Amino acid sequence: SSVDDYTLGLAAEALGELSQYGGNLTADFVEFETRRAIEWLLAVSQDNDAQLRLGKLNLPNFSSASSEESVRRRKLAAVMVIRELANNSPVLFFAHVSEVFDLLQTALLDAHVFTRETATQALRG
């Protein structure tokens, strides 16, 4: 079963809330979740770069629609997590700003409006 965008948003908000409460594990938690989001965006970005070199500018190079949808949701989830961590734990997130800024360009150019809007919100954070 697939997870809808609303549920992804709620999960990201929960991660953001958890990142606010200090303690010994908070820095590790924020680092782990930020790294994972960066890895997801990096994978999508590298696929887009490969397509650009091959002359395929707009269409993802996936074999099935379900795979394409999975990548879309992963990109959206990564952007949502970045938005929430940036808003709720800016001091811990700051170390990743330059890398995240570069990777958000992929989401800002996404075909889906909701992903673009979420990326914009992440940048405002």
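This report describes a predicted model of one protein chain, beginning with confidence and going on to a buried glycine, the salt bridges and a pocket.

## Confidence in the model

The mean pLDDT of the protein chain is 84, and 82% of its residues reach 70 or more. Residues 54-65 call for care, since pLDDT stays under 50 over this stretch, for which the model has twelve contacts beyond four places in sequence. Where pLDDT is low, the predicted coordinates should not be read in detail.

## A buried glycine in helix α1

Helix α1 covers residues 5-18 and includes G16, a residue that is buried, with a relative accessible area of 0%. Leaving aside residues up to four places away in sequence, G16 touches E84 and N88. The C-alpha atom of G16 is separated by 8.4 Å from that of R83, although these two residues are 67 residues apart along the chain.

## Salt bridges

A search of the whole structure finds nine salt bridges. In one of them R73 is paired with D5, and the closest N and O atoms are 2.9 Å apart. Because R73 lies in helix α3 and D5 in helix α1, this pair ties together parts that are 68 residues apart in sequence. D5 itself is partly exposed, with a relative accessible area of 22%.

R35 takes part in a salt bridge with E31, where the closest N and O atoms are 3.7 Å apart; these two residues stand four residues apart in helix α2 (residues 26-54), so they are separated by about one helical turn. R35 is partly exposed at a relative accessible area of 29%, and E31 also counts as partly exposed, at 35% relative accessibility.

The side chain of R35 also meets that of E99 in a salt bridge, with 2.8 Å from N to O. Since E99 belongs to helix α5 and R35 to helix α2, the pair ties together parts that are 64 residues apart in sequence. E99 is partly exposed, its relative accessible area being 30%. Elsewhere, D5, E69, R72 and R73 are joined into one network by salt bridges that share partners.

## The second largest pocket

The second largest pocket has a volume of about 180 Å³, and its lining includes I82, F93, F101 and L123. Helices α3 (65-88), α4 (90-93), α5 (97-108) and α6 (113-124) each supply at least two residues of this lining, and α5 gives the most, with four residues. By character, the lining residues of the second largest pocket divide into eleven nonpolar, one polar and no charged.

Conventions:
Residues are numbered from 1 along each chain as its sequence is written. This is a predicted model: local features need pLDDT of at least 70, side-chain atom pairs count only at pLDDT 80 or more; totals for chains, interfaces and linings use all residues. Side-chain values use heavy atoms; hydrogens and water are left out. Buried means under 20% relative accessible area, exposed over 50%, partly exposed in between (1.4 Å probe, protein chains only). Contact means heavy atoms within 4.5 Å. pLDDT is the predictor's confidence in each residue, from 0 to 100. On a 1 Å grid over the protein atoms alone, a cavity is a set of points where a 1.4 Å probe fits but cannot get out, and a pocket is an open set with protein on both sides within 12 Å along at least five of seven lines; lining residues have an atom within 4 Å of a point. Grid points are joined across faces, edges and corners, and a volume is the space filled by probe spheres set on the points. Ala, Val, Leu, Ile, Met, Phe, Trp, Tyr, Cys and Pro count as nonpolar, Asp, Glu, Lys and Arg as charged, and the others, Gly among them, as polar. A salt bridge is a side-chain nitrogen of Lys or Arg within 4 Å of a carboxyl oxygen of Asp or Glu.
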